[in-house]
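This report describes selected features of one protein structure for a reader who has not met it before. The sequence and the model are shown first.

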Amino acid sequence: MYSSSPADAPVVREPLHAPVAHLIRGGVVEGIHYGSVVVLGADGQVQFQLGDIEAAFYPRSALKPVQAVAMLRSGLPLDGELLSLAAASHSGEERHLAGTRRILELAGLGADDLRNVPDMPYDPAVRDTWVREGRLPDRLAQNCSGKHAAMLWTAQLNGWSLADYLDPAHPLQQAVAQAVEDLTGQHAAHVTVDGCGAPLFAISLHGLARAAARITTAAPGTPEARVADAMREHAEMASGSARDVAALMRAVPGLLAKDGFEGVQVAALPDGRAIAVKIADGADRARVPVAAAALARAGVDPALLTAFAGEPLLGGGEPVGCVRPVRALDPVPLTACA
């Protein structure tokens, strides 16, 4: 545990976001993505910030590593690829569905016990195949099914009720709330419902980065270190074989990274350097290059990050521009922009 007295909850307000990326077409700024960015040094101090890093916001699935820590603290006996899946926003590949079934089997439960929403696979190619085969939305295919299966097993192991495991008052979700406060170092400002049905906690972007740093710097064998190890060693289980988050963890040695809906990204290195990004309009096309620029700010070798500088903007099928982080964040751009 890191703190018995978390700081006050972040303020609920309209975030004071700032420009974080420009959409450049033919050398002209065509559009602007607003958002916020924080970079922490190995000492935990803020090295760089842009926008509003202290306002309350929803980290969405970027909080899943913290939820996984809470489950391990409550006795969940997972490691390796199944633990990575428990912290995943998976793509719906067969490996993810099989892993979720395995967790449920270990718990003596079935897919009917899941309370996440039925959905199609998240990965577009996997989803297209699913549709061609005439398959319907399914709880196993939904990107949070691994987390939900692990939640069910955690509840069962502790003798807690299963049907209401998503209730914020349930002992499991109370354990998650405690882990959120412990790792972020602050009380949650608000609790609502995430897309999958699980409780969602409003924290600050600064708190999210702090949580990631505490996970990656934890002592070997602790729940935090087990989650970090599992996600880094089985990056494709934590996301998918074609996902940028998995590619980023493969590209940067020791990096733990997790994305979340609505343009959220968090990442941390083993020495505690960490970044967190929120894109105000939720655009992934800005999330990836802004996160790469933030990692370069944190001291990651830019040569490792050029593949994440953003897809080119096309005109007539030819590159005519890009989404480029603002100069304040990225004074020496990772790649040239037309």
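P19 counts as partly exposed, at 31% relative accessibility; the class lies between buried, under 20% relative accessible area, and exposed, over 50% (1.4 Å probe, protein chains only). The structure is a predicted model, in which local features need pLDDT of at least 70 and side-chain atom pairs count only at pLDDT 80 or more, while totals for chains, interfaces and linings use all residues. Residues are numbered from 1 along each chain as its sequence is written, and side-chain values use heavy atoms, with hydrogens and water left out.

P19 belongs to strand 1 (residues 18–25); strands (E, at least two residues) and helices (H or I, at least four) are DSSP runs numbered from the N terminus. With neighbours within four places in sequence set aside, P19 is in contact with I32, H33, Y34, L50 and V326, contact being heavy atoms within 4.5 Å. The C-alpha atoms of P19 and V176 are separated by 33 Å, and these residues lie 157 apart along the chain.

**Core and helix 1**

The largest nonpolar core contains 106 residues, and V37, L78, L208, I275 and L329 have the most contacts inside it. Such a core is a set of buried Ala, Val, Leu, Ile, Met, Phe, Trp, Tyr and Cys residues joined through side-chain atoms within 4.5 Å. Helix 11 (residues 284–297) supplies the largest share of this core, eight residues. Not counting residues up to four places away in sequence, I275 touches ten residues' worth of surroundings that include V38, V39, A209 and L295.

Helix 1 (residues 64–73) is largely enclosed by the rest of the structure, because nine of its 10 residues are buried. Among the buried residues of helix 1 are K64, Q67 and M71.

**A three-stranded sheet**

Three strands form an open sheet in the order 4-6-5, with antiparallel pairing. Strand 4 (56–57) and strand 5 (190–193) stand at the edges with a single partner strand each, so one side of each has no neighbour in the sheet. Strand 4 pairs with strand 6 (residues 199–204) in the antiparallel sense over two bridges; two strands pair if DSSP finds at least two bridges between them. In this pairing, A56 stands opposite S204 in strand 6.

**Positive phi values**

Several residues take a positive phi, as listed here.

| Residue | Phi | Place |
|---|---|---|
| R60 | about 50 degrees | loop between strand 4 and helix 1 |
| G75 | about 105 degrees | just after helix 1 |
| E262 | near 65 degrees | loop between strand 7 (256–260) and strand 8 (264–268) |

R60 is not a glycine, and E262 is likewise a residue other than glycine. E262 counts as partly exposed, at 42% relative accessibility.

**Cysteines and a buried charge**

Why do C144 and C196 form no bond? Their sulfur atoms are 3.9 Å apart, which is too far for a bond, since a disulfide is a pair of cysteine sulfur atoms within 2.5 Å. Both residues are buried, C144 with a relative accessible area of 5% and C196 with 2%. Zero disulfides are found in a search of the whole structure.

D330 lies in the segment after strand 11 (318–325). D330 is buried yet has no salt bridge, and the nearest side chain of opposite charge, R327, is 6.6 Å away. A salt bridge is a side-chain nitrogen of Lys or Arg within 4 Å of a carboxyl oxygen of Asp or Glu. Beyond its neighbours within four places in sequence, D330 is in contact with A293 and P325.

Notes
Lys and Arg count as positive and Asp and Glu as negative; His and the chain ends are not counted.
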